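The following exercises concern the contact between two chains and the nonpolar cores of a model. Each task is followed by a worked solution.

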Amino acid sequence: MTNVTPTVVRLKLSLLRNGLRQSGGRRAAFVASAVIALLFAASQLLGLIALRGHAHIDAVAVIGTAVLALGWAVMPLFFPSGDETLDPTRLVMLPLRPRPLVRALLAASLVGIGPLFTLLLLLGCVLSVAHDAAAYVTAAVAVVLALLVCVALARAVAAANVRLLTSRKGRDLAVLSGLVIAIGAQLVNFGAQRLGAAGLGQLAPVADVLRWLPPASAVGAVHSVSEGSYGMATAQLLLTAGALVLLVAVWARSLTQLMTSPDGSTLQAAEPSGVRGRSSTGLGRLLPAGRTGTVMERSLRYVWRDPKTKAAWVTSLAIGLIVPVFNAIRGTGSLYFACFASGMLGIQMYNQFGQDTSAFWTVAMTISSARDAYVELRGRALALLVITLPYATLVTVLTTAMLGDWPRLPDVLGLSFALLGAMLATGAWTSARFPYSIPQEGYKNVAPGQAGLAWIAIFGGMVAAALLCAPVIALTIWLNVSANGDAWTWLLFPVGAAYGATITYLGLRMAAPRTAAHVPEILTAVSKG
Amino acid sequence: MTELVGVDTAAVRVRGLWKRFGQQVAVAGIDLELPAGKFIGLVGPNGAGKTTTLSMVTGLLRPDQGSVEVVGHDVWRDPVAVKARIGVLPEGLRLFERLSGRELLAYSGRLRGLPGAEVDKRATQLLEVLDLAGAQHKLVVDYSTGMRKKIGLAAALLHNPEVLFLDEPFEGVDPVSAQTIRGVLERFTASGATVVFSSHVMELVESLCDWVAVLAAGRIRATGPLAEVRGTHTTLQGAFLELVGAQGRDAGADLDWLGGGAR
């Protein structure tokens, strides 16, 4: 039997190349994100090497590796881009044994910016703790092991996640994974805050645990060799290797199961779903007539029924609540964290047409003027507001109650609404300008080759939203610092709300002609995958 | 090509239509005039450019060059007039699958600006005729291929279009559903409306259509009334194979290892 590894690696390279070949803009986006990632990695590498000899550098290296691994574990679930590797379920009809397939897919996973980024950071980590020849030799082994563990971890999580997403019961669990990640991110956030307060010495106890946890244990091994404790180093390396074997085994198992059992489409057909939809007329009656209500109704139904949309919403709702409330519980948070709810929920306005998938053609057939596009976008924004407006208000009031800072409520609410307006405006505009596909099968949220586009749309949009809020932020600061300002802070509520509404209106107005003029191009962009 | 049709009766008029995807030329300069009130078959082998052509004619894909008029209105300059007059069932594009069949019809009809009560009345009748009434509250994601084609057809017919474009409406459809679809389409053309559908199943086109356009490698090879395109051949299949230049190719000659037990 021929070796599949080179074939699969080549296949991945061609997928990447073909994804980029489709448009110049996409290529530019890809190159830009690659350059930024590599510059960041290179600066980290230099920084870590420069820190050699610092008292707590071993703790930093170990924890850094652990965070990197956490990133790999979380990436396939949470972040829209991540690994553009082959979807193994596409290979289902080929007569491939699991073992060579796993080897080949693992090798293919090592191709890309992500792995290169990780490699640079890992190099920084091991070089910062290696002090003699033996340590450098260990470092070489450690880097390879740690990188493989990271990649295998991502693939194992992704495969498990696909299995979850293909059964209806699992989908509810997958939604919870967003929550778990949100809470995890919060814990990291608290850790970082505490660190800022108490210095790097705080890291030592955490690092003492993590240096035994793969893949950080590989970096731990390098440090152990530098210290002369070879027995401990061997144990740490073995532990890492063991973890790698275990992860690959888990991944291979779920991969085999995934490729040999019926997929979600077959399972769903057996489900009784006769009652659904009957009660929906109630929802329709509450909404405005005409296209606006029709669009809102469909959008709201999709929040509940479409697993991808639902997962995105639950994650946004959870993080939007957790960040301000957790911070308030700890007593250190600022009331302004309540704006997080607006920010997170506003993200749902991004890539509106991509959320439709190629079903967007139904909408495309009914958009013949900028007016149609405006009403369509406005309907979607309104559907979003039905959930977001009460939720953001609730989160703000709750946070205020916990902090007991009632006089601040109007300005935080005002700022929240301004931010929400800016997010809706930039969301509508980027939906028209940077549409991208959200594959419905599998765990990925971006079609191959469009990851750069997605990042630019989301992050560029968020930066733009923050800038658009600048006037309200400036006003808030001014009123808070000026002598008589406190008497006028209540003004921020109506000003913020009006500002948000105006900017949403302008955003929709600007997005509409662009949408109407580029309907076929948007359809092409959202029909991949 | 024969100009049998007068200026006013053309349902679709295509001039110098081109589309390239990178190096690949999908549609290489199509000129086509399709008469109104006919059942028209667009036939061609896989990759001939049928879907690309239909996508451009219906305004779902922007051509590199050329013009398309539907019932006298330019698709790209006057989309309001065109989109209101056509119904489309594309191939390879999804529907809003997380809606039930009935909800999908309600959504499509209202999106087109029809009054709600009228949409619901028409939807009930269409679901009944297309034999989908029993599954109307099931999500489209749980539908079979045939049911999807039927609900797609219902959505395309809902606003009573003048011209209906169907891309491979019978692909993957069971005989019972196919017969149902056929009945609806025949009734529709009998009322004076135009149906344009693509297919590579010649027997089907021959039995349904009274006008045919043959497409191969992005060009029109022949167009006209069925009898004219068939010419001296007894079947459309024979005429088609000659037109696309696939005749005289002995497909099995080189595969002498095939069959007769294991290697």
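**Exercise 1.** Determine how much area chain B and chain A bury between them, and which residues of chain B supply most of its part.

*Solution.* In this predicted model, the two chains bury about 3,300 Å² between them, with 58% of that area on carbon and sulfur atoms. On the side of chain B, the trio B:Arg94, B:Phe96 and B:Arg98 accounts for 25% of the area that chain B buries against chain A, more than any other three residues. Counted by residue, 32 residues of chain B are in contact with 44 residues of chain A.

**Exercise 2.** Characterise the polar interactions between chain B and chain A, and the elements of chain B that touch chain A.

*Solution.* Begin with the charged pairs: there are 4 salt bridges between the chains. A salt bridge joins the side chains of B:Arg62 and A:Glu521, at 2.6 Å from N to O. Next, 10 residue pairs are in polar contact, both residues at pLDDT 80 or more. Helix H2 (79–85), strand S6 (86–89) and helix H3 (101–111) of chain B each supply at least two residues of the side that touches chain A. H3(B) gives the largest share, 5 residues. By class, this side of chain B has 16 nonpolar, 6 polar and 10 charged residues.

**Exercise 3.** Describe the largest nonpolar core.

*Solution.* The largest nonpolar core has 113 residues; A:Phe360, B:Leu164 and B:Phe197 are among those with the most contacts inside it. Helix H18 (residues 370–403) of chain A gives the most to this core, 8 residues. Apart from it lies another core, of 58 residues, including A:Ala69 and A:Val225.

Definitions and conventions
Residues are numbered from 1 along each chain as its sequence is written. Chains are lettered from A and ligands numbered from 1 in the order in which they are written. This is a predicted model: local features need pLDDT of at least 70, side-chain atom pairs count only at pLDDT 80 or more; totals for chains, interfaces and linings use all residues. Side-chain values use heavy atoms; hydrogens and water are left out. A nonpolar core is a set of buried Ala, Val, Leu, Ile, Met, Phe, Trp, Tyr and Cys residues joined through side-chain atoms within 4.5 Å. Buried means under 20% relative accessible area, exposed over 50%, partly exposed in between (1.4 Å probe, protein chains only). Helices (H or I, at least four residues) and strands (E, at least two) are DSSP runs, numbered from the N terminus. Contact means heavy atoms within 4.5 Å. Buried area is the accessible area (1.4 Å probe) that two parts lose on being put together, summed over both. A polar contact is a pair of N or O atoms within 3.5 Å; within protein, one must be able to donate a hydrogen and the other to accept it, and residues adjacent in sequence count only if both atoms are side-chain atoms. Ala, Val, Leu, Ile, Met, Phe, Trp, Tyr, Cys and Pro count as nonpolar, Asp, Glu, Lys and Arg as charged, and the others, Gly among them, as polar.
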